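Me: Please take me through this structure slowly, one feature at a time. I would like the general idea before each case.

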Number of protein chains: 2
Amino acid sequence: MGKKSCPLSRVYGLLEPGPVVLITTASKGRTNIMTQSWHMMMEFEPPLLAAIVSGRNYSFDLLKASRECVINIPTLELAQAVVDCGNTSGRTVDKFEALRLTPVAAKCVAAPLIKECYASIECRVTDTRMVNQYNLFILEAVKAWRDPAQKNPRTLHHRGNGAFMIAGETVKLPSKMK
Amino acid sequence: MGKKSCPLSRVYGLLEPGPVVLITTASKGRTNIMTQSWHMMMEFEPPLLAAIVSGRNYSFDLLKASRECVINIPTLELAQAVVDCGNTSGRTVDKFEALRLTPVAAKCVAAPLIKECYASIECRVTDTRMVNQYNLFILEAVKAWRDPAQKNPRTLHHRGNGAFMIAGETVKLPSKMK
């Protein structure tokens, strides 16, 4: 069948979902940006999402305190910023300045949108019961933005160890799937 | 900034993670296959995953009863089967037969691998506390398989309404990211 056993430590590389997102947070005058790949949709409407934010990340503190964030979706042009963002900590660095990204005021939350990202989703934390055990936050999207000119955004999908799959072409199949 | 407001009902199309997976389940002599996109990694090792399986799906019953499943990852060649699988119910159809897919015995769980998928992850349900409210199952990967010949698998990523992004090229960037 061609399939060989694969170390469990590499499972994340198979399922690494992407698109890689940049999560912005703000609390008490501080903002931060975090590179993140572990998120999923949970419900269509109102849109519920799950996101894993580790307690080791500075963003964890800001997210827990403010209960708000923005999920910004970058494309290939921002690949280096995505990696650099993942390799530095907001505890010691102003990431907007260091990564030359532009904060834009959101409509419903205090955390800023990132201007250079093709889409941004403003979110409120609605359930923290799984945070202590799993670092899992349940979020409700309350406002979403996207650049309509970008029909086929070249999003980045982390395959592990700095390897990113770039979104390719799109095919349309007759489907009843939502 | 180019970004326009986007209906909340389309948020899932922005974050639709992929790769689309085919989840196999087995209980009391019945097997089933489900097309699914709402999954994410939660922990590296042991690998923990979250997956949303709606109570409307026949697979929900099999997963809840058996507490085991296999997450199989298809590529472009299986696109039609992925869509057809999502448009039929295992309550009335033997999906392996209808979709001409080949079940292969798994090593650690009763649910079968799908031979035609380039990777398969055997999973056990470890936490069902979020099932009633969110249809959210927490899974531990206990065995993983992949075809090492497929270095750049053309996985499918559902953008909504039958539109699938096909995994494109891979770039490698110097990174400390795991």
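**Reading the backbone and the two copies**

Reply: Let us begin with a proline, A:Pro46, which lies in the loop between β4 (39–43) and β5 (48–52) of chain A, where strands are DSSP runs of E with at least two residues and helices are runs of H or I with at least four, both numbered from the N terminus. This is a predicted model, in which local features need pLDDT of at least 70 and side-chain atom pairs count only at pLDDT 80 or more, while totals for chains, interfaces and linings use all residues. Residues are numbered from 1 along each chain as its sequence is written, chains are lettered from A and ligands numbered from 1 in the order written, and side-chain values use heavy atoms, leaving out hydrogens and water.

Me: Which kind of peptide bond joins A:Glu45 and A:Pro46?

Reply: Most peptide bonds are trans. Here, however, the bond joining A:Glu45 and A:Pro46 is cis, with omega about -10 degrees. In chain B, the bond from B:Glu45 to B:Pro46 is also cis, with omega near -5 degrees, and B:Pro46 lies in the loop between β4 (39–43) and β5 (48–52) of that chain.

Me: What is the sign of phi at A:Arg67?

Reply: Most residues other than glycine have a negative phi. Although A:Arg67 is not a glycine, its phi is positive, at about 55 degrees, and this residue sits in the loop between α2 (58–66) and β6 (68–73) of chain A. A:Arg67 is partly exposed, with a relative accessible area of 37%; buried means under 20%, exposed over 50% and partly exposed in between, using a 1.4 Å probe and protein chains only.

Me: Where is A:Asn135 placed?

Reply: A:Asn135 is found in the loop between α5 (131–134) and β10 (136–146) of chain A. Its phi is positive too, near 60 degrees, and A:Asn135 is partly exposed, at 22% relative accessible area.

Me: Which residues of helix α3 in chain B are buried?

Reply: In helix α3 (residues 79–86) of chain B, the buried residues are B:Ala79, B:Ala81, B:Val82, B:Val83 and B:Cys85. They pack against β2 (21–27), β3 (30–36), α4 (95–98), β11 (156–160) and β12 (163–172) of chain B, where contact means heavy atoms within 4.5 Å.

Me: How can chain B be laid on chain A?

Reply: Copies are superposed by least squares on the C-alpha atoms of residues with pLDDT of at least 70 in both. A turn of 180 degrees with a shift of 0.0 Å along the axis lays chain B on chain A with an RMSD of 0.0 Å, which is the relation of a two-fold axis. The C-alpha of chain B nearest that axis belongs to B:Gly168, 2.0 Å from it.
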